[in-house]
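This report goes through one protein chain and its ligand, moving from a helix beside the ligand to the sheets and the core. Please keep the sequence and the coordinates at hand while reading.

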Amino acid sequence: MTVHTADLLADAGTAPDGGRSPRGSALYLDGVTVSFDGFRALNELSLVVDHGELRAVIGPNGAGKTTMMDVMTGKTRPDKGKVLLDGSIDLTKLDEARIATLGIGRKFQKPSVFETHTVVDNLELALAGDRGPFAALKFRRTADKAARIEAVLEDIALAHRAHEPAGRLSHGQKQWLEIGMLLMQQPRVLLVDEPAAGMTDAETSQTAVLLKRLAQSHAVIVVEHDMGFVRDLDCKVTVLHEGSVLAEGSLDHVQADQRVVDVYLGR
Ligand SMILES: Nc1ncnc2c1ncn2[C@@H]1O[C@H](COP(=O)(O)OP(=O)(O)OP(=O)(O)O)[C@@H](O)[C@H]1O
């Protein structure tokens, strides 16, 4: 089925989250509900993330963080509610592949780089799309592509390891490489799941620097449990609980909220 852009334009004029219009937002969720066998993994979830914004999403196990990302990427379709990209593109009508091409990149917790390929080849393979890895390797590097690879290598601080097999990188560096692979596709929105898990302290703080830099030109949503890392991100924090937003604001603000302490931080 061919999907025309005009068909994707949702009615953006109705009541938004907290009176906020979808206009200008990168991702806009309003009243999103997802049920599994009657259990509401997301319950009227409303959330607005702007272009050029870094947002941390925290919350106890089972709060709905993964389901939220599944809805944003089209892996899970909500029972009801609005999910808009760029304030107007209705993501609930699109499948995962189409949403990825529209510019939502997702990094899962476990890195899945091609260990035997070099760092540069991994970045190039990320451009392969559905042509397959071997076809991509045969393509000559255009000047454009080479420039993009170089820029991404700088972004992810791996220029000095560019021609080494990815299998030789540390765990943290593999995570950065995978973020780099997403960047090759020039996404508008990046979803990053627990990037600091398993990293050394030095890698964790470097990851915060990297994500803050990326957020200057992308919307970046980070799901995280490590509060030290969230503090390093120095951004607005959304606390999810039972599929809805329990609190939102600076880390200091949400940490001072007794309800957040009761359901999450105090445990
Ligand atoms: N496919 C599914 N079928 C049934 N229940 C599900 C399914 N996916 C998620 N759930 C339930 O929905 C709730 C929210 O799960 P989700 O994985 O989104 O939470 P989370 O905040 O990501 O948790 P964690 O921090 O443990 O990863 C949980 O109670 C989970 O058991």
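## Helix α2 and the ligand shell

In helix α2, the residues K65, T67, M68, M69, D70, V71 and M72 are buried, and with 7 of its 9 residues in that class the helix is mostly covered. The model is a predicted one, and this applies to every value in the report. Just after α2, G74 adopts a positive phi of about 85°.

The residues surrounding the ligand are F36, A41, G59, N61, G62, A63, G64, K65, T66 and T67. Helix α2, which spans residues 65-73, supplies the largest share of this shell, namely 3 residues. By class, the shell consists of 3 nonpolar, 6 polar and 1 charged residues.

## The six-stranded sheet

The chain contains 11 helices and 10 strands. An open sheet is formed by 6 strands in the order β6-β7-β8-β3-β9-β10, and the pairing within it is mixed. Its edges are β6 (104-107) and β10 (244-249), each of which pairs on one side only, and neighbouring strands of the sheet are turned by 20° against each other on average, direction ignored.

Within this sheet, β3 and β8 pair in the parallel sense over 4 bridges, with V57 having V223 of β8 as its bridge partner. Strand β7 (residues 189-193) also runs parallel to β8, to which 5 bridges join it, and here L190 is partnered by V220 of β8. The pairing of β9 (residues 236-241) with β10 is antiparallel and extends over 5 bridges, V237 being matched with G249 in β10. Helix α11 (residues 258-265) packs on the sheet, where it touches β3 (54-58), β9 and β10, and its direction makes about 120° with that of β10.

Why is strand β8 largely enclosed by the rest of the structure? The strand covers residues 219-223, and 5 of its 5 residues are buried, so β8 is largely enclosed by the rest of the structure. In a regular strand the side chains alternate between the two faces of the sheet. Both faces of β8 are covered, since A219, I221 and V223 on one side and V220 and V222 on the other are all buried.

## Pairing around strand β4

Strand β4 (residues 80-85) pairs with β1 (residues 25-36) in the antiparallel sense over 5 bridges, and L27 has L85 of β4 as its bridge partner. Strand β4 also pairs in the antiparallel sense with β5 (residues 89-90), over 2 bridges, and in that pairing L84 stands opposite D90. The hairpin of β4 and β5 has 3 residues between the strands, and D86 takes a positive phi near 55° there.

## Core and long-range contacts

Nonpolar side chains tend to be buried together in soluble globular proteins. Here the largest nonpolar core has 75 residues, of which L27, L177, L211, V220, V222 and V239 touch the most other members. Helix α7 (residues 171-184) gives the most to this core, with 7 residues.

Leaving aside residues up to four places away in sequence, L177 touches V113, V119, N122, I156, L158, A166 and L169. Over the whole protein chain of 267 residues, 41% count as buried. Among the contacts in the chain with a separation of 6 or more, 67% are between residues 24 or more positions apart.

Terms used:
Residues are numbered from 1 along each chain as its sequence is written. This is a predicted model: local features need pLDDT of at least 70, side-chain atom pairs count only at pLDDT 80 or more; totals for chains, interfaces and linings use all residues. Two strands pair if DSSP finds at least two bridges between them. A residue is near a molecule or strand if its C-beta atom, placed from the backbone, lies within 6 Å of it. Ala, Val, Leu, Ile, Met, Phe, Trp, Tyr, Cys and Pro count as nonpolar, Asp, Glu, Lys and Arg as charged, and the others, Gly among them, as polar. A residue is buried if 20 or more other C-beta atoms lie within 10 Å of its own, exposed if 12 or fewer, and partly exposed in between; C-beta atoms are placed from the backbone. Two residues are in contact if their C-beta atoms, placed from the backbone, lie within 7 Å. A nonpolar core is a set of buried Ala, Val, Leu, Ile, Met, Phe, Trp, Tyr and Cys residues joined through C-beta atoms within 7 Å. Axes are lines fitted to C-alpha atoms, for helices over the stretch in contact, and angles run from 0 to 180 degrees between N-to-C directions.
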